[in-house]
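The exercises below ask you to read a protein chain from its strand pairing down to the surroundings of one residue. Work through each task with the structure in view before turning to the solution.

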Amino acid sequence: MDIKADQRRYSRYEVLDYAIVDVDGDPEPIRSVIVDIGLGGLQLRAKKPLNVGTNCRLCVGNLESKPFEIRGEVRHAQQVTGSDLYAIGVRFVPENHDERTTVAEYVHSVFQRQADFLTP
């Protein structure tokens with residue numbers, strides 16, 4: 001059995017938020033659900049596959065905070081077994097300090113929501 005070690009630089013946190021994915025050169029945005037997120041990127045589920053290396057702009061949000069946009073690059077994509085969904089990993093490609101700060105604040109809010117849920 002071949003077990004691939006997780007080589008992520010940052011921890012990931014489970015979440016159930018939404019993202020609209022705008023792919024460079026594609027006029028139709030892709031609606032998706034974020035299933036985990038970290039400072040380096042996120043994993044989402046969508047009904048449309050994306051090719052590895054695809055550049056995109058993500059509009060990420062939830063009911064508790066203002067949506068934000070950030071550039072990303074698809075790092076992996078595969079169909080979820082027994083489903084019409086695709087698991088897509090996207091690495092964040094922030095264009096400036098403000099975008100890095102926004103991502104950090106969002107990931108912190110996800111972490112805080114989980115901590116609040118676990119605290120008795």
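**Exercise 1. Follow the bridges outward from strand 4.**

Which residue of strand 5 is the bridge partner of Leu58, and how many bridges join strand 4 to strand 5?

*Solution.* Begin with the single pair: Leu58 has Ile70 as its bridge partner in strand 5. This model is a predicted one, and in it strand 4 pairs with strand 5 (residues 68-79) in the antiparallel sense, over six bridges. Then turn to strand 1 (residues 13-23), which runs antiparallel to strand 4 (residues 55-61) and is joined to it by six bridges. Two of the residue pairs can be named here: Ala19 is bridged to Val60 of strand 4, and Ile20 has Cys59 of strand 4 as its partner.

**Exercise 2. Place these pairings in the whole fold.**

In what order do the strands of the closed barrel run, and what is the order of elements along the chain?

*Solution.* Start from the inventory, which holds one helix and six strands, arranged from the N terminus as β-β-β-β-β-β-α. Next, trace the pairing, which is antiparallel and gives a closed barrel of six strands in the order 1-2-3-6-5-4. Neighbouring strands of this sheet are turned against each other by 45° on average, with direction ignored. Finally, consider contacts between residues at least 6 apart in sequence: 51% of them join residues that are at least 24 apart.

**Exercise 3. Describe the surroundings of Ser32.**

Is Ser32 buried or exposed, and which backbone oxygen does its side chain reach?

*Solution.* First locate the residue: Ser32 belongs to strand 2, which covers residues 30-37. Its relative accessibility is 6%, and because a residue under 20% is classed as buried, Ser32 is buried. The side chain of Ser32 comes to 2.9 Å from the backbone oxygen of Ala19, the residue that is bridged to Val60 in strand 4. With neighbours within four places in sequence set aside, the contacts of Ser32 are Asp17, Tyr18, Ala19, Val21, Leu44, Arg45 and Ala46.

**Exercise 4. Judge the chain as a whole.**

What share of the 120 residues is buried, and what is the mean pLDDT of the chain?

*Solution.* Buried residues account for 33% of the 120 residues, while the accessible surface comes to about 7900 Å², 52% of which belongs to carbon and sulfur atoms. As to confidence, the mean pLDDT is 85, with 84% of the residues reaching 70 or more. Residues 1-5, however, have pLDDT below 50, and this stretch makes zero contacts in the model beyond near neighbours in sequence.

Definitions and conventions:
Residues numbered from 1 in each chain as written. Predicted model: local features only at pLDDT ≥ 70, side-chain atom pairs only at ≥ 80, totals over all residues. Heavy atoms only, no water. Helix = DSSP H or I, 4+ residues; strand = E, 2+ residues; numbered from the N terminus. Buried < 20%, exposed > 50% of the residue type's maximum accessible area, 1.4 Å probe, protein only. Polar contact = N/O pair within 3.5 Å; in protein donor to acceptor, adjacent residues only side chain to side chain. Contact = heavy atoms within 4.5 Å. pLDDT = per-residue confidence, 0-100. Pairing = 2+ DSSP bridges. Areas by Shrake-Rupley, 256 points an atom, 1.4 Å probe, with all protein chains shown as cover. Axes fitted to C-alpha atoms, helices over the stretch in contact; angles between N-to-C directions.
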